[in-house]
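Ready for a few exercises with worked solutions? Have the model open in your viewer and try each task before reading on.

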Amino acid sequence: MGRAFEYRKATKLKRWGHMAKTFTRLGKQIAIAVKQGGPEPENNPSLRSIIATCKRENMPKDNIERAIKNAMGKDQSEYKAVTYEGYGPHGIAILVDTLTDNTTRTVGDVRSVFNKFSGTLGTTGSLSFLFDHKCVFTFKKKDGIDMDDLILELIDFNVDDEFDEDEEEGTITIYGDPKSFGQIQHYLESQGFEDIGSEFTYIPNDLKEISADARATIDKMIERLEDFDDVQSVYTNMKPE
């Protein structure tokens, strides 16, 4: 398994939190996809992929359909994606991905947690050099597929040589340049791969090892951040247990 896969696997539960919060966050992603590309999945690749992620997370069909319907309403707020960056206790770098319809409220909530834990909220881009921003695609493995050939086909879309295979689930996960998201998605669909879900993620390029007590403090800070509905994911360069 590669560095990216192991980090994502170890931190997945902490990023997504409880099931109810997961559904709330996925509902916001559906709303953005519908606003950008319409409510019909067959005509909206981004919506198709988010629905695949919803199914992977066991989000009920009724919830998905309700989120799509709500996003079509004229009174629905426009969500904006904002990433906040800063240092938490013990020099741990923290990125907070949000989807918000009120940036004043959201930055206030995020800053309050950083202040409570004696952290420092920085400016946009101040910590980006510590993380690799990636788009991630997971799809069902085809019989007889040659992954070296597939990666070669995708090299023009800046897909990484590293990929991960989950033999138990029968899936492949690849990583690429976020700017190439649409091109990668189109290629996989044109080749008939079954989409299990896609996402954008931040992967630390150097993990920091800290004590058990320090880890407990950082975990508590992450939990406080994830209590806010606007927060989608929290990433750190703390080495997973």
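Two strands pair if DSSP finds at least two bridges between them; strands (E, at least two residues) and helices (H or I, at least four) are DSSP runs numbered from the N terminus. The model is predicted, so local features need pLDDT of at least 70 and side-chain atom pairs count only at pLDDT 80 or more, while totals for chains, interfaces and linings use all residues. Residues are numbered from 1 along each chain as its sequence is written, and side-chain values use heavy atoms, leaving out hydrogens and water.

**Exercise 1.** Work out in which order the strands of the open sheet stand.

*Solution.* Start with E4 (residues 131–140) and E7, which pair in the antiparallel sense over 9 bridges. One partnership to check is Phe 137 with Ser 198 in E7. Extending outwards, the 4 strands follow the order E5-E6-E4-E7, with antiparallel pairing. Finally, E5 (159–166) and E7 (195–204) each have a single partner strand, so one side of each lacks a neighbour in the sheet.

**Exercise 2.** Classify the ring pair of Phe 139 and Phe 193.

*Solution.* First, the criteria: rings of Phe, Tyr and Trp (its six-membered ring) pair if their centres lie within 6.5 Å, and planes under 30 degrees apart are stacked, over 60 edge-to-face, the rest tilted. A search of the whole structure gives 4 aromatic pairs. Here the centres are 4.8 Å apart and the planes at 55 degrees, so this pair is tilted. Next, locate the rings: Phe 139 is in strand E4 and Phe 193 in the loop between H7 and E7, so the pair ties together parts 54 residues apart in sequence.
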